[in-house]
Amino acid sequence: MNKRSRRKVLVLALVFGVSIATVLGLTALEENMLFFFSPTQVNAGEAPQERSFRVGGLVVPGSINRLPDSLTVQFEVTDNAENMTVEYTGILPDLFREGEGIVAIGSFAAGGRFVADEVLAKHDENYMPPEVADALKASGQYDYSGKM
Amino acid sequence: MGGYAFFVWGSYAVALIVVLGNIVTPIMQRKKVIKRIKRTIKRESIELSRSNQGQ
Amino acid sequence: MWNWIQRFSSPKHFYSMSVPLIKWFAIAALVIGLYGLYLGLFVAPTDYKQGDSYRIIFIHVPAAWLAMFIYMVMAVSAGIGIIWRIRLADMVAAASAPIGASFTFLALVTGSLWGKPMWGTYWIWDARLTSMLILLFLYLGYMALQSAIDDQRSADKASGLLAIVGAVNIPIIHYSVEWWNTLHQGASVAKFDAPSIHIDMLIPLLLMAVAFKLFYATMVLVRTRNESLYRDRNRRWVREIVEKL
């Protein structure tokens, strides 16, 4: 092949690759949005029983229960209307805290337990030093609910 | 860096590489372009002198 | 007026005029960037939730802003080049693409390095991250079209068209965190009410953003000079300059 046709092949391959990547990306995006449920929806039986889906909500303060001798942890998530229990084995992200927003990706296991394969923490857009956060909490201006 | 050294310094290291790359690439590119133009000038002057001798 | 634009946008005029600009932009980028780095790494307080990991913000956010800014410059220049046939505008667009691609890459990598400890994952197909990845592909597509088409005017037309069409991605990136349920947090600085970032963290962030923009200004001029040498390689002004080197 001469230089020119080699280039053409290269470009075609690139355009093809980009299109595929874009389509895949958008499909993944659609799926993620389709299979995103709140605890209220899950409790109402709207979540799929067979495939994995996402649950979003706030970690209920005081609900975190670490099972002894393992990395398994159980906690409740809430959308401020209803709660549901999530079970997860693994290392939780650093921003996983009581009262903070999380997204759990998983599916129903035997006995109707929701078992997450992945727990992701969502954080808000606030950045401040700890002293300022403490002062805000003391004055009652601190908004505890991480927005979902 | 409070246990985040890998992530923080990793980010700054990648940033340094990107910045340096952005500085080095156009300098090399300039050298290449100038070299190419010089070669063309040389070739043309040789061709010119040949065609003059041929007359 | 038209003659004036033609004269000042001639590559020859630009080539000599850009020298002092490059020098001053480079000096300003260096001074502001070093000061911003110092404030960001050693002076700015630790975040109440994220600890020191948030210091990635001083690279990540300026890189992402710059990546979008460069894209707009590229799309507008390409438009000017196509509509008014100003060759210098085409050169600016072509010179911008590799810089924009590299800063998009930087924003993606630093975001990934920030996401792992905080979110718990290096990558997620969320709207903000996906639209940013598409931005990288748009830059790469532009560069591929530029290098694939031999005729310069056709190359500028084809790649310029891609740049203009791709500009719809810019508002998508910006509003993705509002339109979709993303893991990525909302805007901290570009909000109508007060920014939700402490002033001691905001100042180094803005300084770094200015330094990044000045760095782009420097490098786009350097690259546009290269472009003008290359594209005008058969013209007399280039021959005269090269012969003296």
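**Two positive phi values and one interface**

Colleague: In this predicted model, I see that C:R85 lies in the loop between α3 and α4 of chain C; why is C:R85 called exposed?

Modeller: C:R85 has 11 other C-beta atoms within 10 Å, and a residue counts as exposed if that number is 12 or fewer, so C:R85 is exposed.

Colleague: What is the phi of C:R85?

Modeller: The phi of C:R85 is near 55 degrees, which is a positive value in a residue other than glycine. Most residues other than glycine have a negative phi.

Colleague: What makes A:N80, which sits in the loop between β4 (72–78) and β5 (83–89) of chain A, partly exposed?

Modeller: Around A:N80 there are 13 other C-beta atoms within 10 Å, and because exposed would need 12 or fewer and buried 20 or more, A:N80 falls in between and is partly exposed. A:N80 also has a positive phi, of about 70 degrees, although it is not a glycine.

Colleague: How many residues of chain C are in contact with chain B, and which element of chain C gives the most to that side?

Modeller: In chain C, 32 residues are in contact with 22 residues of chain B, and α4(C) gives the most to this side, with 11 residues. By class, the side of chain C that touches chain B has 18 nonpolar, seven polar and seven charged residues.

Colleague: Where in chain C is confidence lowest, and where is it highest?

Modeller: Confidence is lowest in helix α1 (residues 2–8) of chain C, at a mean of 76, and highest in helix α3 (residues 57–84) of chain C, at 97, while the mean pLDDT of chain C is 91.

Notes:
Residues are numbered from 1 along each chain as its sequence is written. Chains are lettered from A and ligands numbered from 1 in the order in which they are written. This is a predicted model: local features need pLDDT of at least 70, side-chain atom pairs count only at pLDDT 80 or more; totals for chains, interfaces and linings use all residues. pLDDT is the predictor's confidence in each residue, from 0 to 100. Helices (H or I, at least four residues) and strands (E, at least two) are DSSP runs, numbered from the N terminus. Two residues are in contact if their C-beta atoms, placed from the backbone, lie within 7 Å. Ala, Val, Leu, Ile, Met, Phe, Trp, Tyr, Cys and Pro count as nonpolar, Asp, Glu, Lys and Arg as charged, and the others, Gly among them, as polar.
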